[in-house]
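Let's take a walk through this one together. Have the sequence and the 3D view side by side as you read.

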Amino acid sequence: MKQSLQLRTSQHLALTPQLQQSIRLLQLSTLELHQELEQALADNPLLERLDDPLDHSVRLLADGAIASSTPSTATENSEPQGERQEASQEGAGDDYEAPADSDSSGDDWGDAGRGKAPEDDDGRMQLEACATTLREHLLEQARVTVPEGRDRVLVELVVDALDDNGYLDEALEDIHARLPQEADIDICELRTALALLQSFDPPGVGARSASECLALQIRRMERVPMVTRRMALTIVEQHLAWFAQRDFGKLKKALDCDDEDLREAQAVIRQCNPHPGAAFAADASDYVVPDVIVRRAKGGWSVTLNPDVMPRLRINQVYASMLKQAKGEAQMGAQLQEARWLIKNMRQRFDTILRVAQAIVERQKNFFSHGAVAMRPLVLREIADTLGLHESTISRVTTQKFMLTPHGMFELKYFFGSHVATEAGGEASSTAIRALIVQLTGAEDPKNPLSDSKIAEMLGEQGMVIARRTVAKYREALKIPPVSLRKSL
């Protein structure tokens with residue numbers, strides 16, 4: 001086979017750096033977007049941000065007093081007036097200074113809110129105290145109730161073996177085996193230390209099982225009749241599995257009691273906390289900031305972007321003027337082009353989010369007026385065809401983007417769902433069916449709860465053809481217990 005050189009022409013799609021950046025910004029969440037922006041501000045000196053996130057934060061002086069103004073404000077005030085006017089005149093003719101929605105009129109929107117009352121001149125900042133952990137809470141009680149010495153050391157040893165829920169997962173024999181022999185500690189001393197720990201607050205701490213945890217709490221309850229207390233202890237110590245399964249027939253037969261006595265014992269058990277140490281967990285709540293806000297207007301519903309998540313960017317005029325004078329600076333020219341791309345793509349990102357949100361609200365008007373039961377089926381292709389965009393673009397826009405509505409906070413993907421056929425030949429949204437299941441189970445008789453077959457039958461009476469296994473799938477997704485666990489006396 002003879003080798004030769006040949007010329008061929010072909011066409012292929014190539015993503016430019018600007019398009020790649022636009023796609024990446026579109027799929028980022030609000031938090032990821034601001035992280036990307038902070039990195040861009042650190043790498044590119046020609047890009048600057050008008051809305052400093054720390055501009056309105058409280059700043060402390062060396063003596064702990066609240067600063068009268070932020071350093072950025074002080075720097076701006078110390079700048080000569082002439083220089084500021086000159087800088088503004090130089091940047092007046094620059095067409096890439098800022099996006100259209102980032103006018104300079106909003107630079108000082110928070111200055112009035114940063115002023116403080118005269119009586120707060122010497123005020124100190126109120127700092128939040130650190131949360132107390134379960135270990136610290138128990139050790140503080142040990143310092144008060146147990147004298148220093150061997151007993152306190154043993155109590156602290158058992159405290160260190162507790163898990164986050166306040167349970168002692170490790171057996172006392174295993175703890176005793178890990179202790180050095182020269183300490184000469186007997187297993188009975190550990191049992192005494194555990195019994196002392198179980199008398200601490202919160203009730204139930206130091207338990208080795210759920211049954212023991214509930215029993216410890218029931219024994220410490222006040223104003224409980226002796227008969228009811230004894231029956232509740234018998235249930236949690238001997239028949240806890242039947243109680244969890246709500247098998248009231250077996251319970252009444254084993255305890256030889258009627259419905260009223262069992263109902264009183266059940267009320268006592270329900271007052272217990274199976275996880276006594278969970279209240280001391282230091283899990284921080286995750287807060288979601290909406291990207292768009294939906295409000296009721298005269299003509300229907302209005303959709304607006306949340307200004308708090310929209311960064312205001314512009315080109316740094318000082319470096320831009322230096323670039324005009326030094327035309328041979330290739331690196332600064334590339335950074336200028338990158339800054340322009342970022343500002344343009346940032347504006348395009350929020351415009352696309354607004355357009356998609358408006359299209360969703362337009363098709364889900366009944367949801368905003370009547371709630372989830374009025375949700376209609378919606379797929380990505382319908383929004384994509386309406387806006388002239390690709391389905392992948394709609395998928396990126398609706399991922400980790402949130403909408404604040406009168407009914408709560410929802411991810412944009414929440415408004416898309418599969419459809420279920422109705423007897424009339426129409427379609428019902430799966431979200432609406434879930435809402436109906438919640439309504440039906442919430443209004444059911446606790447003594448005779450609805451089974452999955454009965455729920456499917458009741459939905460069929462409303463014209464929604466749905467199988468029992470589909471009802472079971474939706475019920476499990478909603479974390480609604482099965483019929484056996486929803487039954488009560």
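What is the mean pLDDT of the chain, and what share of its residues reach 70 or more? This is a predicted model, so that's a fair place to begin. The mean pLDDT comes out at 80, and 81% of the residues reach 70 or more. Confidence isn't spread evenly, though: helix α9 (residues 210-219) has the highest, at a mean of 94, while helix α4 (residues 81-91) has the lowest, at 40. If you look at residues 70-123, the pLDDT there is below 50. In the model, that stretch still has 54 contacts beyond near neighbours in sequence.

Now turn to the sheet. Its four strands line up in the order β3-β2-β5-β6, and the sheet is open, with mixed pairing. At the edges you'll find β3 (300-305) and β6 (408-411), each of which pairs on one side only. Ignoring direction, neighbouring strands here are turned by 25 degrees against each other on average.

What does "mixed" look like up close? Strands of a sheet pair through backbone hydrogen bonds, and they can do that either parallel or antiparallel. Take strand β2 (residues 292-297), which runs antiparallel to β3, with six bridges joining the two. These strands make a hairpin, with two residues between them. To find your way along that pairing, pick out R295, whose bridge partner in β3 is S302. With β5, on the other hand, β2 runs parallel, and two bridges join that pair. Here a handy landmark is V292, which stands opposite M403 in β5.

A helix goes with this sheet, too. Helix α15 (residues 330-363) lies across β2, β3 and β5 (402-405). Relative to β3, α15 runs at about 165 degrees.

Finally, have a look at a pair of helices. Two packed helices are described by the angle between their axes and the distance between the axes. For helix α10 (residues 226-238) and helix α13 (residues 259-270), the angle is about 70 degrees and the axes are 9 Å apart. Angles of 65 to 115 degrees count as roughly perpendicular, and α10 and α13 are therefore roughly perpendicular to each other. Which residues of α10 and α13 make the contact? From α10 come T228, M231, A232, I235 and V236, and from α13 come D261, L262, E264, A265, V268 and I269. Sorted by class, the contact of α10 with α13 has eight nonpolar residues, plus one polar and two charged.

Conventions:
Residues are numbered from 1 along each chain as its sequence is written. This is a predicted model: local features need pLDDT of at least 70, side-chain atom pairs count only at pLDDT 80 or more; totals for chains, interfaces and linings use all residues. Side-chain values use heavy atoms; hydrogens and water are left out. Two strands pair if DSSP finds at least two bridges between them. Axes are lines fitted to C-alpha atoms, for helices over the stretch in contact, and angles run from 0 to 180 degrees between N-to-C directions. Contact means heavy atoms within 4.5 Å. pLDDT is the predictor's confidence in each residue, from 0 to 100. Angles under 35 degrees count as roughly parallel, over 145 as roughly antiparallel, 65 to 115 as roughly perpendicular and the rest as oblique. Ala, Val, Leu, Ile, Met, Phe, Trp, Tyr, Cys and Pro count as nonpolar, Asp, Glu, Lys and Arg as charged, and the others, Gly among them, as polar.
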